[in-house]
Amino acid sequence: MKITNKTSSTNQTSKALRKVFSLPASMRDVAMHYCSGCGHGIIHRLICEVIDELEIREKTIGVAPVGCAVLAYDYWNFDTTEASHGRPPAVATGIKRILPERIVFTYQGDGDLAAIGTAEIIHTANRGENITVIFVNNAVYGMTGGQMAPTTILGQKTETTPWGRDAQRDGFPLKISEMLALLSGVVYVERTAVNNAKNVLLTKKAIKKAFLNQIENKGFSLVEILSPCPTYWRMSPVEAVKWIETEMVKYYPLGVIKG
Amino acid sequence: MMREKILMCGNEAIGEGAIQANCQFYAGYPITPQNELTAYMARRMYEEGRVFIQSESEISAINMVFGASLAGARAMTSSSSPGISLKQEGISYLVGCELPAVIVNIMRGGPGLGNIAPSQADYFQAVKGGGHGDYKTIVLAPSSVEEAFNLTRLSFDLADHYRNPVIILGDGLLGQMMEPLPQILNSKLKIQNYPKDWALTGCLGRKPRIIRSLLLGEGELERHNQKLQEKFKSISEKEVRFERLYLEDAEFVLIAYGTVSRICKAVVNNLRGKNKKIGLIRPITLWPFPEKIIRETAEKIEGILVVEMSAGQMLEDVKLAVEGKCPVYFCGRMGGGIPTEEEIYEKLSQMLI
C-alpha cells in the first residue's frame with residue numbers, strides 16, 4: 001500500500017513517498033476470521049506492534065485461549081501455544097518458570113479469564129508471576145454463539161439472558177480487574193478500550209507498559225480491554241463502539257487501576 | 001560417607017527417581033495418600049535449583065506441567081484418585097499436543113471422596129485413556145519402593161521418547177510403606193538426552209512454532225488421530241513389561257499388579273512349597289498390557305485367578321487376552337479393602353486347586 005504525503009510539494013515526489021503503514025513483523029500476512037467490527041483484530045495488531053517496537057519477537061511465547069481468539073496463533077508470527085479453557089495463566093507460569101528470560105503473555109477473553117479460569121488468574125497474579133496478561137472484555141461469549149459472560153452488564157440481552165441480565169437471577173457483572181488489583185503480587189492493572197482512535201492509542205501504550213514491566217522483571221501486569229462484539233450485541237459496528245462509550249464504561253471505568 | 005542402603009517410602013522414592021531423571025519442573029496440590037511426594041519435591045527441587053510450585057488446584061498443576069513441557073523441560077505432577085480425575089482434561093491436551101509428562105497417581109478408595117486407604121479402582125481411568133478423545137497413556141505399576149524409584153526414572157525416558165504422558169500407578173500402601181533402597185544416592189545411570197526440536201523457546205534463528213491440538217481443517221484431525229494411533233501401536237509392540245513366576249509347569253496362574261502382586265507372590269511361593277503347580281504373571285506396564293504372555297499361558301493351563309483391589313477392572317483386560325481359552329476367576333476387595341492370603345487360598349480352593 002502506498003500513501004502519499006499530501007503536504008509535500010510535487011517536485012520532491014521521491015522523497016515525499018514515505019511508508020507510514022506496514023504489517024508488523026510479528027504479524028502473519030493472512031486474512032482473519034473475525035467478524036466485521038470485532039475488536040480482536042485491532043488488539044492482535046497492537047500486541048504485534050508493541051512486540052516489534054520492543055524487539056522481543058524472537059524471545060516471545062504467546063498463550064492463546066479458548067474462545068474467539070483460539071486461532072490467534074494463525075495470526076502471530078512468533079512461538080504460540082494453545083491452552084485448555086481458562087488455563088492460560090497456569091500454562092504461562094510453567095513456561096516462564098522454565099524460561100525466565102523469555103517474554104510470556106496470555107491472551108484471554110472474559111469467559112476464559114473471568115469465569116472458567118478465575119482460580120488460575122487469581123493465583124497466578126497472587127504469585128506475582130512475571131508475565132503479561134491481555135484480557136479482552138466484550139461482555140459476551142462469542143465463539144459459542146452469544147451467551148452471558150461473567151462481564152455481561154445488567155440488562156444486556158444474550159442467548160442465555162433473553163430478557164436481559166438480571167442481578168437476582170444471574171448475579172452481577174464481575175469486575176475482576178479491580179479484584180486482581182488488590183493482590184500484592186500484581187504490579188500493574190489498567191482498563192482501556194478500542195472504541196475510538198484515541199483509546200486505541202492509549203490501549204497500545206498500556207500494552208507496551210505491561211510488556212515493559214515483564215522485561216524489567218517487575219512482575220504481573222494485566223491490561224483489560226473493552227472490545228466491541230457487534231455480532232452478539234446485535235448491533236452495527238458503529239452502534240457497538242458507541243455502546244462501549246455510553247453503557248460499558250459506566251460499569252467498567254477506563255484508566256489505571258493499579259501501578 | 002557412602003551409605004549402602006537408605007530407607008524411604010514409595011512416595012519419596014518416586015520423588016527421588018524424578019530428581020535423578022533430571023525432572024526440572026514439579027507442580028502439585030496436597031492430597032492424601034501422596035503428600036510425602038509433594039513434600040519431598042518441595043525440598044529436593046529447591047536443593048537442585050529446579051522449579052517446585054504448590055498449585056492452587058490439580059487442574060492448575062497439570063496445566064503448569066503442560067507449559068513447562070512445551071518449553072522443553074522434563075515435568076511431573078502427582079496426586080491421588082479424586083485429584084487425578086481433575087487432571088484428565090489436561091492429560092488429554094498433553095496427548096493431543098504430543099507433549100511428554102509424568103503423572104503419578106497414588107490411588108485411594110472411591111468413588112467420590114471415598115477414603116484414603118489403598119485401592120486399584122482407577123485402573124480403567126489410567127489404561128483406557130481417562131479423558132476425552134481416542135488416546136492412550138503408558139501406565140507403569142510398581143510393586144515395591146525400589147521399583148517405584150526405577151520405574152519413575154524410566155517414565156521420563158518413555159515420555160520424551162514417545163512425546164506422550166506416562167502414568168505411574170501406585171496405591172496408598174505402596175506410597176506410604178517404607179523399604180530399603182540400595183545405593184540410589186550413588187546412582188550413575190545415564191540420563192538420556194532427547195532433542196526437543198518442537199519446543200517453544202522463542203523463534204530466534206528459526207520459524208515460529210505452534211503447539212496445538214485444535215485441527216479444524218478438512219480431514220486434519222483424523223490424520224492426526226491416525227498418527228497418534230500409529231504411535232500407540234508402536235508403544236504396544238515395544239514397551240510391554242511384566243514379571244513371570246513358575247509359568248513353565250504351572251497349571252493355575254495368578255495375575256495381579258502392584259501391591260496385590262506381592263500378596264499373590266507369597267501365596268504362590270507357599271503353595272509351591274506344597275507341590276502345587278501354580279504360577280504368577282505380574283503386569284508392570286498396565287498399558288501396553290502384556291496380553292501375549294497371558295494368551296500363550298492360557299492355552300496351556302487350567303485356570304487363571306485375577307486378584308485386584310477393585311470390583312474387577314484389569315479382569316476385563318485379562319479376559320480379552322485369554323479369549324476364552326481357559327476359565328478366568330476373580331478375587332477382589334473394594335473401597336480400601338486389601339485381599340488377604342486367606343481369601344486368595346479360599347478362592348483357589350473353590351477353583352479345586
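**Helix α8**

I began with α8(B) in this predicted model, and I find that its 19 residues reach 27 Å from the first C-alpha to the last, close to the 27 Å expected at 1.5 Å a residue. I then asked how many of the 19 residues of α8(B) are buried. The count is one, and I therefore note α8(B) as hardly covered, given that a buried residue needs 20 or more other C-beta atoms within 10 Å of its own.

**Domains of chain B**

I looked up the division of chain B and found domain 1 at 5-238 and domain 2 at 243-350. Taken over C-alpha atoms, the centres of these two domains of chain B are separated by 28 Å.

I next went to the contacts, where 27 residues of domain 1 of chain B meet 23 residues of domain 2 of chain B. On the domain 1 side, I list the elements of chain B that give two or more residues as α5 (123-127), β6 (138-140), β7 (165-171), α7 (172-176) and α8 (220-238). I asked which element gives the largest share of that side, and α5(B) does, with four residues. Sorting the residues of the same domain 1 side by character, I get 16 nonpolar, nine polar and two charged.

**Strands β14 and β15**

I turned last to strand β14 (residues 303-308) of chain B, which runs parallel to strand β15 (residues 328-332) of chain B and is joined to it by five bridges. For Val307(B), I record Cys331(B) in β15(B) as the bridge partner. Following the chain from β14(B) to β15(B), I pass through helix α11 (residues 314-322) of chain B, and I note this β-α-β crossover as right-handed.

Terms used:
Residues are numbered from 1 along each chain as its sequence is written. Chains are lettered from A and ligands numbered from 1 in the order in which they are written. This is a predicted model: local features need pLDDT of at least 70, side-chain atom pairs count only at pLDDT 80 or more; totals for chains, interfaces and linings use all residues. Domain bounds come from an automatic or database domain assignment. Two residues are in contact if their C-beta atoms, placed from the backbone, lie within 7 Å. Ala, Val, Leu, Ile, Met, Phe, Trp, Tyr, Cys and Pro count as nonpolar, Asp, Glu, Lys and Arg as charged, and the others, Gly among them, as polar. Two strands pair if DSSP finds at least two bridges between them. A crossover is right-handed if, with the strands pointing away from the viewer, the path from the first strand over the helix to the second runs clockwise. The expected span of a helix is 1.5 Å times one less than its number of residues. A residue is buried if 20 or more other C-beta atoms lie within 10 Å of its own, exposed if 12 or fewer, and partly exposed in between; C-beta atoms are placed from the backbone.
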